Structures are given as structure tokens and as C-alpha cells.
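Here is a chance to look at how the terms of structural description are earned. Let's go through them one at a time, definition in hand.

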Amino acid sequence: MSDLADFTKNVLPFLSQLEEDEAGPDPSEISRRYGISENSIVMLSRNENPYGPSPCLRAALKDVPLHRYPDSRPFVKALSGYTGYPEECLVTGAGMDEIITTICRVFLGKGDAALIPVPTYNFYGLAVELCGAVPHYQARLSGFAVDKKIPEGIKMIFLCSPNNPTGNALSEENVRAVVEGTKAIVFLDEAYAEFAGKSLLNLVKEYDNLVVGRTLSKAFGLAGQRLGYGVAPPWIAEQYRRVAPLFSISSLSLAAGVAALQDLDWMRECVGKIASERERMRQRLACSNPSQGNFLYVHTEEKSKVIVERLLCRGIVVRDCSSFPGSGDHCLRVTVGRPEENERFLEEFEKADTKMSS
């Protein structure tokens with residue numbers, strides 16, 4: 001048999017330059033590393049809904065025909081009712097990440113340029129590079145607004161509102177200025193829109209170069225089901241369907257999505273509790289930015305990597321933002337959890353960031 005080195009030559013050369021995306025440590029890993037009981041570990045690093053999905057999901061999943069390929073039409077119909085857009089404008093994917101990668105496959109090729117205002121969600125850059133295209137990172141303005149001056153030669157622009165990890169929602173004026181000032185396709189990620197209580201979804205009706213991505217992972221509590229969708233002008237939605245995997249979303253996930261969209265009261269109750277806790281935490285954290293997501297962007301006196309490790313030792317898991325381009329070495333992101341989880345974080349954070357408490 002040939003040496004393994006012979007086979008590695010088949011790997012695309014540019015892949016060696018990519019940084020692997022990571023989800024951070026899980027409870028079992030933390031338990032092994034620090035000898036902490038898994039039950040006592042507080043996960044505040046992944047922006048999940050701590051209350052979970054609607055209780056009505058259990059009955060909805062009972063009779064799903066697992067021997068048949070998935071049928072996404074009931075889910076798309078439910079999305080149409082929720083968004084107010086016709087089914088021809090709706091596309092689906094296994095989580096927001098598949099929506100992003102598929103859109104990139106439609107519009108980006110080798111050597112194309114995509115603009116990414118930073119700091120923001122790391123996956124945009126990875127999705128761009130997987131197409132052989134080049135991400136151009138642009139620093140944000142005051143208040144984390146996006147510069148409306150778009151460089152020449154840009155083919156796609158990625159916006160996130162509320163922005164991960166900073167938590168700010170972009171103004172309609174800012175988004176309109178970007179969309180109208182470019183010939184590029186603009187992808188607006190609204191994964192956290194329900195927590196902001198506002199959305200720019202209606203702009204898709206006005207602009208042929210705007211796609212809005214959404215997810216059921218956050219406000220609807222379905223992170224484990226991987227359910228994303230996009231709202232796009234019909235011409236873009238048609239092209240999307242040409243390249244999207246036909247059966248990428250499981251039958252169980254689709255049934256869960258339909259059930260979740262039929263119980264908006266549960267979702268709104270969860271969002272209300274999370275938003276209330278978010279504001280309570282901000283009152284205790286003068287070092288945090290205003291947020292319209294389900295998380296807070298917290299500035300640290302000591303390096304964030306040090307603070308995150310100290311919190312890990314105490315069983316509190318938050319996200320170090322030093323891996324986000326443009327974020328620097330003194331910021332972390334903390335998900336808003338249940339009140340008792342948030343209280344533990346607040347108490348331990350005060351001890352962990354010793355320079356701030358001294």
C-alpha cells in the first residue's frame with residue numbers, strides 16, 4: 001500500500017490555511033479535566049435557549065415516518081405563516097450554517113471577494129474560504145455600526161443583526177445604506193432577531209440583492225435539531241434550491257419545526273424571560289455592552305483567555321472572544337441562562353477578573 005503522504009496530495013491546498021471552527025469544551029470534557037460533576041457545570045457559551053422547545057413537540061414527533069425521506073413542505077408552509085412571505089421566497093437548511101454555505105456556493109468562486117465587518121460570527125469567513133473566495137475583514141464604526149462605504153470588487157457582504165458577539169442590532173438606515181450602495185449580494189443574519197423584538201425582514205420585498213437568514217436554534221430552543229431558513233427574492237431562492245442538498249434536514253427536525261411554529265406563545269414567553277435576565281445582568285456588569293441578543297459582550301481587565309480558564313475551573317463555561325477577528329484579547333461572550341445559572345456566573349466572574357474587583 002502507498003504511504004499516507006501520497007494521499008494527502010489530494011487535499012485542496014488552500015485548506016491548510018483554514019482555522020478549524022470549534023464549539024468549545026463540553027461538560028464531559030470539563031468534568032474529566034477539572035473533576036467537576038457534570039450536573040454542576042453551567043454552559044453559557046453557545047447562546048442556547050435554556051428553557052428548551054415547546055412541550056408540544058413530544059406529541060408531534062411520536063408518529064414521524066422514519067422509513068421515508070423527509071418532506072419539507074409542511075415546514076415551509078409553517079414558515080410562510082410565521083414570516084408573512086410566500087413559499088417561493090423561502091429556503092431551508094440544516095441550521096443557519098447550511099444556509100450560509102449554500103448561499104456562498106451560489107455566488108462565490110475562486111478569487112471572489114466577500115466583505116465581513118468585524119467582530120462578527122466566525123463562520124462567515126470559513127464559508128467564504130471553502131468556496132476558494134477571499135474574505136475581506138472591515139473594522140466596524142462607533143457603536144459597532146457598519147461602514148456604508150463598500151470597497152470595489154466585493155461580490156458578497158455579510159451582516160449580522162443583532163451581531164454575534166457584540167449584541168448590537170443594526171439600524172434600518174445602516175442596512176439600507178449598505179444594500180443600496182453595492183452591486184454585491186448582502187446576507188443579513190437575523191439568528192437573534194426574536195430577542196431584539198424587531199426585524200428587517202420586510203426589506204427583502206424592496207431589494208433584489210438582499211437575503212435574510214433565520215434559525216429555530218435560538219428563540220425556539222431547537223439548537224439540537226439544526227433548523228435554518230432564509231427569506232430571499234424569488235430569483236435567489238430558485239438558484240439556492242439548485243445547489244442545496246435535497247434531504248439535509250431530518251424528518252424529526254422538520255416535524256419539530258412545524259410544532260414549534262404552532263406554539264409561538266411558548267417562544268415569546270422564553271424570549272421575555274431571557275430578555276429580562278439579560279437586563280438584570282447588565283445592571284450588575286458595568287463592563288458589558290448593551291445587547292439585543294440572548295447574550296452579553298463583556299469587557300475584561302485581564303486577558304479574556306485567562307478569565308475564561310478561571311471560570312472553567314469553577315464549572316462556568318463562557319466564550320472567549322479573542323478568536324473573533326477584530327475583538328481583541330479582553331472580551332468574552334456570555335449566554336443568558338436561567339436565573340440561578342446567571343447568578344453563579346456573576347458571582348464567579350467578580351472573583352475571576354481580579355483586576356476589576358481590586
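**Terms and what backs them**

Q: What makes helix 4 a neighbour of the sheet strands, and at what angle does it run to strand 2?
A: Helix 4 (residues 73–83) lies across strand 2, strand 7 and strand 8, at about 125° to strand 2. Contact here means heavy atoms within 4.5 Å. The angle is taken between N-to-C directions, from 0 to 180 degrees, with axes fitted to C-alpha atoms, for helices over the stretch in contact. Helices (H or I, at least four residues) and strands (E, at least two) are DSSP runs numbered from the N terminus. A word on ground rules: this is a predicted model, in which local features need pLDDT of at least 70 and side-chain atom pairs pLDDT 80 or more, while totals for chains, interfaces and linings use all residues. Residues are numbered from 1 along each chain as its sequence is written, and side-chain values use heavy atoms, leaving out hydrogens and water.

Q: How do you know that strand 2 and strand 8 are paired?
A: Two strands pair if DSSP finds at least two bridges between them. Strand 2 and strand 8 (residues 228–231) are joined by four bridges and run antiparallel, so they meet that definition. Leu-90 is partnered with Val-231, and Gly-93 with Gly-228.

Q: Why are strand 2 and strand 4 called edges?
A: The open sheet has seven strands in the order 2-8-7-6-5-3-4, with mixed pairing. Strand 2 (90–93) and strand 4 (134–139) each have a single partner strand, so one side of each lacks a neighbour in the sheet. On average, neighbouring strands of this sheet are turned by 25° against each other, direction ignored.

Q: Why is strand 5 described as largely enclosed?
A: Buried means under 20% relative accessible area (exposed is over 50%, partly exposed in between; 1.4 Å probe, protein chains only). Six of the seven residues of strand 5 (residues 154–160) are buried, so the rest of the structure largely encloses this strand. On one hand, strand 5 pairs in the parallel sense with strand 3 (residues 113–118) over three bridges, with Ala-113 opposite Ile-154. On the other, five bridges link strand 5 to strand 6 (residues 185–189), also parallel, and Met-156 has Ile-185 as its bridge partner.

Q: What makes the unit of strand 5, helix 7 and strand 6 right-handed?
A: A crossover is right-handed if, with the strands pointing away from the viewer, the path from the first strand over the helix to the second runs clockwise. Strand 5, helix 7 (residues 172–180) and strand 6 make such a β-α-β unit. The buried residues of helix 7 pack against strand 5, strand 6 and strand 7 (210–215); among them are Val-175 and Val-179.

Q: What makes a set of residues a nonpolar core, and which have the most contacts inside the largest?
A: A nonpolar core is a set of buried Ala, Val, Leu, Ile, Met, Phe, Trp, Tyr and Cys residues joined through side-chain atoms within 4.5 Å. The largest has 102 residues, and Phe-158 and Phe-345 have the most contacts inside it. Apart from it lies another core, of six residues, including Ile-30 and Leu-312.

Q: Why does Thr-335 count as buried?
A: Its relative accessibility is 3%, so Thr-335 counts as buried. Thr-335 lies in strand 12 (residues 331–335), and its side chain reaches the backbone nitrogen of Asn-47 at 2.8 Å.

Conventions
Polar contact = N/O pair within 3.5 Å; in protein donor to acceptor, adjacent residues only side chain to side chain.
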